[in-house]
Amino acid sequence: MSKPQDFERWLADTATQLNEESVPEWPRESTFRPRYTAQPKHTAWWQKPWLPVGSLAVSMFAMVLVLGQVQVSSTEHGFTVQFGGVDEAKLETMVAQRLNEYGAQQQITLANYATSLRADFREDFRTEMAQANKQLADYMLAVNRQEREGDLAELIRYVNEQRQDDQYYFASQLQQVSDGWLQPAVSTNQ
């Protein structure tokens with residue numbers, strides 16, 4: 001048999017032999033120390049009891065500052081603390097100033113974009129025109145070559161036909177001279 005099966009059998013046998021026994025009595029109070037009776041002599045600063053309370057106090061103070069809209073600003077004469085919202089006129093002038101700055105920035109960006117777009121279009125147009133001119137020149141050269149080849153082939157065929165006709169004519173003339181039908185032409189320019 002394999003070892004796991006032996007173990008299972010031993011475990012089953014042992015489980016059947018177990019008897020219930022009562023829990024022994026002991027003084028349960030002596031097994032733990034009350035929390036507040038024994039303080040360690042030295043604890044680290046992050047384990048001190050004042051840290052959570054201090055953290056809560058600082059968080060509450062920050063929430064009061066945010067909800068109270070407290071603004072602290074420094075001037076050349078010192079610090080200024082303001083409670084409540086911002087002056088409406090001051091806020092409107094700040095918004096208008098920011099919008100004007102943003103509008104000017106957008107105008108510059110759009111002008112730069114338009115300039116670069118025009119330059120890109122010019123460059124693309126030049127490139128496309130150069131390609132179109134090259135394609136046209138290649139096409140014209142190819143067509144011109146084909147036409148010249150055709151013209152030269154026709155000229156050579158005409159010359160060959162003419163030579164053949166001349167050969168037949170001269171062969172016929174020689175045949176007639178050799179047969180005696182024709183008298184050779186003698187020039188009378190003396």
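How many helices and strands does the secondary structure of this chain come to? The answer is three helices and two strands. Keep in mind as you read that this is a predicted model.

## The overall layout

Let's walk along the chain from its beginning. Starting at the N terminus, the elements follow the order α-α-β-β-α. Helix 1 covers residues 3-17, and helix 2 covers residues 50-67. Strand 1 takes up residues 71-75, while helix 3 runs over residues 88-179.

Now for the surface. Of the 190 residues in the chain, buried ones make up 0%. The chain exposes about 18700 Å², and 59% of that area is supplied by carbon and sulfur atoms.

## Two salt bridges

How many salt bridges does the structure hold? There are two, and you can compare them here.

| Salt bridge | Closest N and O atoms | Place |
|---|---|---|
| Asp-6 and Arg-9 | 3.8 Å apart | helix 1 (residues 3-17), three residues apart |
| Lys-134 and Asp-138 | 3.1 Å apart | helix 3, four residues apart |

Try finding the first pair in the picture. Asp-6 and Arg-9 are about one helical turn from each other, because they are three residues apart in helix 1. Asp-6 is partly exposed, with a relative accessible area of 34%, and Arg-9 is also partly exposed, at 40%.

The second pair sits in helix 3, where Lys-134 and Asp-138 are again separated by about one turn of the helix. Is Lys-134 buried or exposed? Lys-134 has a relative accessible area of 53%, so it counts as exposed, the cut-off being over 50%. Its partner Asp-138 has 39% and counts as partly exposed.

## From helix 2 into strand 1

Next, look at the loop between helix 2 and strand 1, where Gln-69 is found. The phi angle of Gln-69 is near 50°, which is a positive value in a residue other than glycine. Gln-69 is partly exposed, with a relative accessible area of 45%.

A little further on comes Val-72, which belongs to strand 1. Which residues does Val-72 touch, leaving aside those up to four places away in sequence? They are Phe-79, Thr-80 and Val-81. Even with these contacts, Val-72 is exposed, with a relative accessible area of 58%. You can also check a distance from here: Val-72 and Gln-82 are 10 residues apart in sequence, and their C-alpha atoms are 6.4 Å apart in space.

## Rings and a nonpolar patch

Aromatic side chains are worth a look too. The model has two aromatic pairs. There is also a charge placed over a ring: the charged end of Arg-28 sits over the ring of Trp-26, at 4.6 Å from the centre of that ring.

Finally, where is Leu-155? Leu-155 lies in helix 3, and it is one of the residues in a nonpolar patch on the surface. The other members of this patch are Leu-152, Ile-156, Tyr-158 and Val-159. Together, the five residues Leu-152, Leu-155, Ile-156, Tyr-158 and Val-159 have about 500 Å² of accessible area. Leu-155 itself counts as partly exposed, at 48% relative accessibility. The reason is that its value falls between the limits for buried, under 20%, and exposed, over 50%.

Definitions and conventions:
Residues numbered from 1 in each chain as written. Predicted model: local features only at pLDDT ≥ 70, side-chain atom pairs only at ≥ 80, totals over all residues. Heavy atoms only, no water. Buried < 20%, exposed > 50% of the residue type's maximum accessible area, 1.4 Å probe, protein only. Contact = heavy atoms within 4.5 Å. Phe/Tyr/Trp six-rings, centres within 6.5 Å; stacked < 30°, edge-to-face > 60°. Lys NZ or Arg CZ within 6 Å of the ring centre and 35° of its normal. Patch = residues over 30% accessible without salt bridge, like charges linked within 9 Å, V, L, I, M, F, W, Y side chains within 5 Å. Areas by Shrake-Rupley, 256 points an atom, 1.4 Å probe, with all protein chains shown as cover. Salt bridge = Lys/Arg side-chain N within 4 Å of Asp/Glu carboxyl O.
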